[in-house]
Amino acid sequence: MNAATQLRQLLARPEIVVAPGAYDGLTARLIQQAGFAAVYMTGAGTAAARGFPDFGLLGMSEMVDNAAVIARSVDIPLIADADTGYGNELNVTRTVREFEARNVAAIHLEDQVFSKRCGHLDGKEIVERDEYIAKIRAAVAARRNPDFTIIARTDARAVVSLDEAIERANLAIEAGADMAFVEAPRTLEEVAVIPREVKGPCLLNLVPAGRTPLLPFAQAQDLGYRMVILPGLLLKATMEAGDAVLRDVRQTGQMPPLKIDASVAEFFRRFGSDEWSALRQRFQQNHQG
């Protein structure tokens, strides 16, 4: 079963889909091994892992390449940040086809002016409604597998109003988008009104120290959301852990005790070393035979 169909089956279940954010193959593996049913490729994390802020500095090819690494590293469906689609309707068409070809299950496309900014920063700008909806129509038409999920993200809440964001979300759903992503609602009341007013499934983005209240997933489900993404979870946890251990090493002048005390062999088992070793042994036995 391809990833897009896997995700559709998850979304058909009553339970909300929770997708922590990965920015490489390692973090994607951690998410799968922790028992989550889906993974989200964070654009901010993808940029940070390459030494950049989330200012739209990465191009389509860089984002697609990272999505390919994550998708091949796990057996759970990947939802990927595709920014603004990287241009006009023609660029969006190619963007959809490139992500889909890497066995990505879903992408989200936003209405910011290129180059975009993190949804929880000030200074964002958005395109006109007609331009945004044209790109959503292009994305829907471009997919080859009807199960590939198109998520329409709008940043209009920060630039214009929540009403404008909800209107854009509804227009995107009418244009064929499968899910709406109203970015950065600022109060619990705003979080609650979105799935009531949007005429289609909704995604909620929970960012540590961001604009949106960090409500429990069960509450988000009760409010009517179908998916929660956690882009900054592992990114910020990794930075916190890294800062702490590096500070400890500088201060003590020696290797510190680590909570993960697995041997080198046990460490690599988490990344498939047993399967790779068995594969090599199989071919060696065939050669000897």
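# A guided look at a barrel of strands

In this predicted model, 8 strands close into a barrel, and their pairing is parallel.

Visitor: Hello! In which order do the strands of the barrel follow one another?
Guide: Welcome! The 8 strands pair in the parallel sense and close into a barrel. Neighbouring strands of this sheet are turned against each other by 25° on average, direction ignored. Going around, the order is S1-S2-S3-S4-S5-S6-S7-S8.

Visitor: Which residue of S2 stands opposite Ala22?
Guide: Let us begin with the two strands. Strand S1 covers residues 17-22 and strand S2 covers residues 39-41; they run parallel and are joined by 2 bridges. Opposite Ala22, in S2, stands Met41.

Visitor: Why can S5 be called largely enclosed by the rest of the structure?
Guide: Look at its two faces in turn. Thr149, Ile151 and Arg153 on one side are buried, and so are Ile150, Ala152 and Thr154 on the other. A general pattern helps here: in a regular strand the side chains alternate between the two faces of the sheet. S5 is largely enclosed because the number of its residues that are buried is 6 of the 6.

Visitor: Which residue of S6 is the bridge partner of Ala152?
Guide: S5 has pairings with S4 and with S6. With S4 it pairs in the parallel sense over 4 bridges, and there Ile107 has Ile150 as its partner in S5. S5 and S6 also run parallel, joined by 4 bridges. In S6, the partner of Ala152 is Ala180.

Visitor: Is Leu78 buried or exposed?
Guide: Leu78 has its place in strand S3. Leaving aside neighbours within four places in sequence, its contacts are Val39, Tyr40, Met41, Ala67, Ile70, Ala71, Val104, Ala105 and Ala106. A residue counts as buried under 20% relative accessible area. Leu78 has a relative accessible area of 1%, so it is buried.

Visitor: Which helix gives the most to the largest nonpolar core?
Guide: That core has 41 residues, and Val39, Phe99, Ile107 and Ile136 are those with the most contacts inside it. Helix H2, S2, helix H4, strand S3, helix H5, strand S4, H6 and S5 each supply at least two of its residues. Apart from it lies another core, of 23 residues, among them Ala165, Val182, Leu204 and Leu230. The element that gives the most to the largest core, with 7 residues, is H6.

Visitor: What does Ile136 touch, not counting residues up to four places away in sequence?
Guide: Ile136 is one of the residues with the most contacts inside the largest core. Its partners outside that sequence range are Leu109, Ala152, Ala172, Ala175 and Ala177.

Visitor: Which elements do the buried residues of H8 pack against?
Guide: Helix H8 runs over residues 162-174 and reaches 18 Å from its first C-alpha to its last, close to the 18 Å expected. Its buried residues include Leu162, Ile166, Ala169 and Ile173. After H8 comes Gly176, whose phi is positive, near 115°. The buried residues of H8 pack against helix H6, strand S5, helix H7, strand S6 and helix H9.

Visitor: How many Å separate the centres of domain 1 and domain 2?
Guide: The protein is divided into domain 1, residues 3-232, and domain 2, residues 240-285. Taken over C-alpha atoms, their centres are separated by 32 Å.

Key
Residues are numbered from 1 along each chain as its sequence is written. This is a predicted model: local features need pLDDT of at least 70, side-chain atom pairs count only at pLDDT 80 or more; totals for chains, interfaces and linings use all residues. Side-chain values use heavy atoms; hydrogens and water are left out. The expected span of a helix is 1.5 Å times one less than its number of residues. Buried means under 20% relative accessible area, exposed over 50%, partly exposed in between (1.4 Å probe, protein chains only). Contact means heavy atoms within 4.5 Å. Two strands pair if DSSP finds at least two bridges between them. Axes are lines fitted to C-alpha atoms, for helices over the stretch in contact, and angles run from 0 to 180 degrees between N-to-C directions. A nonpolar core is a set of buried Ala, Val, Leu, Ile, Met, Phe, Trp, Tyr and Cys residues joined through side-chain atoms within 4.5 Å. Domain bounds come from an automatic or database domain assignment.
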